[in-house]
Amino acid sequence: MLYGIAAATTALLLAAVLAALLRPPALRLGLVDRRRRQRRVPLSGGVAVVLTTCLVAGAGDWSGIAPLGPDIGALVLAAAAVAVLGLVADLWRLRTRLLVLGTAVAAAFVVPYGDTGAWAGAVAVAWITFVALAFRALDHADGVAGTVGVVTAFGVAACAAFEVLDGLAVLLSVLAAALTGFLMHNWPPARVALGGCGSLFAGFLLASAAVTARAGYEETVGAGVLFALTAVAGADAVLVVVARRLAGRPLLRGGPDHLAHRLRRLGITPQGATVLLGAAAFSAVLVGTLVHSGWAGPYAVWWVAGGALAAVLGLLRVPAHARARDKGTARTRAREREAARTRTGEEEAARTRARKSPRPHPRRAPLFAPRRQSESAVRLPGSSDGRHGQRSSPQVSASLRVRNG
């Protein structure tokens with residue numbers, strides 16, 4: 001118990017520190033999210049989560065305080081191999097078929113065929129591959145994959161603890177703590193992201209652990225429990241596939257048609273969309289955990305299935321792409337805003353120049369300047385003087401005319 005708390009605390013702090021320290025090297029190496037963003041988001045969070053989980057769990061197994069066992073050790077190695085495959089996909093554009101093939105091969109080594117059987121084991125391999133790729137697609141928005149991963153990890157850890165799989169429960173607790181430390185940098189607006197490395201690792205580890213904890217039970221109920229534990233990731237994958245099929249778009253071409261994207265189009269903020277998806281994941285995981293432990297009947301899973309179906313059908317009606325008219329209106333408004341900003345900037349620049357330019361000083365007359373005699377004061381011969389009422393002398397007028405030219 002004490003080791004679990006210490007391991008979780010160490011994993012949380014170590015993941016937060018590594019995510020921050022690996023961010024500058026990821027930017028220099030070009031390990032950034034290639035999605036259309038207004039800013040570059042490095043994918044150092046996935047590497048931090050993988051390193052933290054493997055180091056803390058390996059230290060517990062090496063020291064003997066919390067031995068994982070050979071089966072759980074093989075699970076960690078397979079998840080690490082999938083993480084390396086995802087890192088290669090982050091650095092170079094690896095084809096999706098290679099990701100599917102590599103993840104399926106890794107899943108084939110961790111399925112307990114002795115408890116599941118050959119046929120159920122093959123289905124489990126396909127399901128683990130599907131969930132791992134669904135978690136990779138769930139990393140389409142800030143905070144979504146990390147939040148859903150933390151909730152799912154706690155639920156699967158509770159199922160493992162119910163089956164007295166202490167090593168698996170500790171491993172999942174460490175993963176949940178590492179994802180929590182990663183969320184310190186991934187909460188909207190995100191500074192780092194999981195990428196294929198971290199999302200494939202988390203999805204593969206969660207799906208494989210759920211199969212291991214549920215092995216040996218009845219297949220139908222087991223399928224319902226596994227679906228409930230990963231309902232949000234599965235609903236997102238189904239929504240994307242159906243929407244792209246209906247629109248005639250390629251399945252492997254990315255686009256803003258995931259759960260969080262459609263919730264944003266409904267007017268929900270990025271933080272609100274993350275919280276809403278986390279609450280949905282918590283509800284589904286709680287039902288799956290209660291059914292696995294026997295505290296709820298198997299039919300409770302149908303409520304999760306109904307809710308997921310209603311969400312998919314409802315969000316299908318939300319347009320994933322803006323219409324041409326909306327785009328034209330948005331461009332027109334953008335031009336108007338830019339013109340208004342330009343006019344405001346020009347007016348402000350004119351006012352600034354007017355303030356900075358020197359004002360001309362008015363010319364003042366000298367204090368002792370000679371008084372000029374106005375031509376209007378010169379009286380012609382025959383004119384009358386208004387002040388004295390007398391006519392001016394012709395000699396004075398003549399002398400004035402000669403002097404004034």
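Which residue forms a salt bridge with Asp-257, with the closest N and O atoms 3.4 Å apart? In this predicted model, the partner at that distance is Arg-249, and the pair offers a convenient place to begin.

The two ends of this salt bridge differ in their surroundings. Asp-257 is buried, since its relative accessible area is 2%, whereas Arg-249 counts as partly exposed because its relative accessibility is 22%, and the limit for a buried residue is under 20%. Salt bridges that share partners join Arg-249 and Asp-257 with Arg-244 into one network.

The other contact in this network is the one between the side chains of Asp-257 and Arg-244, which meet in a salt bridge with an N to O distance of 2.8 Å. Arg-244 belongs to helix H12, which covers residues 231–247, while Asp-257 lies in the loop between that helix and helix H13, residues 259–265, so the pair ties together parts that are 13 residues apart in sequence. Both of these residues, Asp-257 and Arg-244, are buried. For the structure, the count of salt bridges comes to two.

From here the path leads to helix H8, which runs over residues 144–162 and includes Phe-162. The helix has 19 residues, which at 1.5 Å a residue should span 27 Å, and because its end C-alpha atoms are 27 Å apart, the expected and computed values agree. Of those 19 residues, 15 are buried, so H8 is largely enclosed by the rest of the structure. Following the helix comes Val-164, whose phi is positive, near 60 degrees.

Phe-162 itself counts as partly exposed, because its relative accessibility is 42%. When neighbours within four places in sequence are left aside, Phe-162 is in contact with Tyr-217, His-292 and Ser-293. One of these partners, His-292, stands 130 residues away from Phe-162 along the chain, yet the C-alpha atoms of Phe-162 and His-292 are separated by 8.7 Å.

Another of the partners, Tyr-217, leads on to a charged residue, for Arg-214 lies over the face of Tyr-217, at 4.2 Å from the ring centre. Although Phe-162 and Tyr-217 are in contact, a search of the whole structure finds zero aromatic pairs. A pair would require the ring centres to lie within 6.5 Å, whereas a contact asks for heavy atoms within 4.5 Å, so the contact of Phe-162 with Tyr-217 and the absence of aromatic pairs can stand side by side under these definitions.

Note on methods
Residues numbered from 1 in each chain as written. Predicted model: local features only at pLDDT ≥ 70, side-chain atom pairs only at ≥ 80, totals over all residues. Heavy atoms only, no water. Helix = DSSP H or I, 4+ residues; strand = E, 2+ residues; numbered from the N terminus. Buried < 20%, exposed > 50% of the residue type's maximum accessible area, 1.4 Å probe, protein only. Phe/Tyr/Trp six-rings, centres within 6.5 Å; stacked < 30°, edge-to-face > 60°. Lys NZ or Arg CZ within 6 Å of the ring centre and 35° of its normal. Expected span 1.5 Å × (residues − 1). Salt bridge = Lys/Arg side-chain N within 4 Å of Asp/Glu carboxyl O.
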